[in-house]
Amino acid sequence: MKTARWIFLTAGMLGLVPLAPIFYELARGGQDMLPDDGSMGLFIYIFLALYIFWQIFFFFIAANPVRFRPMIILAFFVCAVTPFNTLWLYFYGMAVWQVTIIVSLAFALLFLVAFWLTGRESRRAAA
């Protein structure tokens, strides 16, 4: 359970780190982050709000991974889908960090490991 807790704490913290420069750029005007017509501003804020929600969700899972074991599957799907969202934003002309795709897929695999470890822990506690 300790490993699963560290996986989700790390995912939550590393997920919040890239938000600081994004919010700074948006507060500064954010014209270089948006496509040429600037029509996706609301979409960016909604995307960031959902992103923050999931990082907080990772902290909740880290509090007790065995109790929130079914939610680990949701966390896996969020991290597995993020590369597709990132590529979609790239094709709409937005600046994208390629590291986001790699880190997201790595955490998706780590979430599967955490799901497996918490399953072993819950079976051991039940016995």
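# Exercises on a five-helix chain

The chain has five helices and zero strands, where helices (H or I, at least four residues) and strands (E, at least two) are DSSP runs numbered from the N terminus. The model is predicted, so local features need pLDDT of at least 70 and side-chain atom pairs count only at pLDDT 80 or more, while totals for chains, interfaces and linings use all residues. Residues are numbered from 1 along each chain as its sequence is written, and side-chain values use heavy atoms, with hydrogens and water left out.

## Exercise 1: the chain as a whole

Describe the order of the elements, the burial and the contacts of the chain.

Solution. Along the sequence the pattern reads α-α-α-α-α. Of the 127 residues, 33% are buried; buried means under 20% relative accessible area, exposed over 50%, and partly exposed in between (1.4 Å probe, protein chains only). A contact is a pair of residues with heavy atoms within 4.5 Å. Among contacts with a separation of 6 or more, 73% join residues 24 or more positions apart.

## Exercise 2: the length and bend of α4

Compare the expected span of helix α4 with the distance between its end C-alpha atoms, and locate its kink.

Solution. Helix α4 covers residues 69–91, which is 23 residues. The expected span is 1.5 Å times one less than the number of residues, so α4 should span 33 Å. Its end C-alpha atoms are 35 Å apart, which agrees. A kink of about 30 degrees lies at Thr-82, shortly before the proline Pro-83; the bend is the angle between axes fitted to the seven residues ending at a residue and the seven starting there. Both Thr-82 and Pro-83 are among the buried residues of α4, a list that also includes Ile-72, Ala-75 and Cys-79.

## Exercise 3: the nonpolar core

Find which residues of the largest nonpolar core touch the most other members, and which helices supply the core.

Solution. A nonpolar core is a set of buried Ala, Val, Leu, Ile, Met, Phe, Trp, Tyr and Cys residues joined through side-chain atoms within 4.5 Å. The largest one has 16 residues, and Phe-8, Phe-58, Ile-61, Ala-75, Cys-79 and Phe-111 touch the most other members. Helices α1 (2–16), α3, α4 and α5 (98–126) each supply at least two residues of this core. Leaving aside residues up to four places away in sequence, Ile-61 touches Phe-8, Phe-68, Met-71, Ile-72 and Ala-75.

## Exercise 4: a buried glutamine

Is Gln-55 buried or exposed, and which residues does Gln-55 touch?

Solution. Gln-55 lies in helix α3 (residues 41–63). Its relative accessible area is 4%, so Gln-55 is buried. Beyond residues up to four places away in sequence, Gln-55 touches Ala-11, Gly-12, Gly-15 and Leu-16.

## Exercise 5: aromatic pairs in α3

Classify the pair Phe-53 and Phe-57 and the pair Trp-54 and Phe-57.

Solution. Rings of Phe, Tyr and Trp (its six-membered ring) pair if their centres lie within 6.5 Å; planes under 30 degrees apart count as stacked, over 60 as edge-to-face and the rest as tilted. The whole structure holds eight aromatic pairs. For Phe-53 and Phe-57 the centres are 6.2 Å apart and the planes at 25 degrees, so this pair is stacked. These two residues are four apart in helix α3, about one helical turn. Phe-57 is buried at 14% relative accessibility, and Phe-53 is partly exposed at 44%. Trp-54 and Phe-57 are edge-to-face, with 4.9 Å centre to centre and 85 degrees between the planes.
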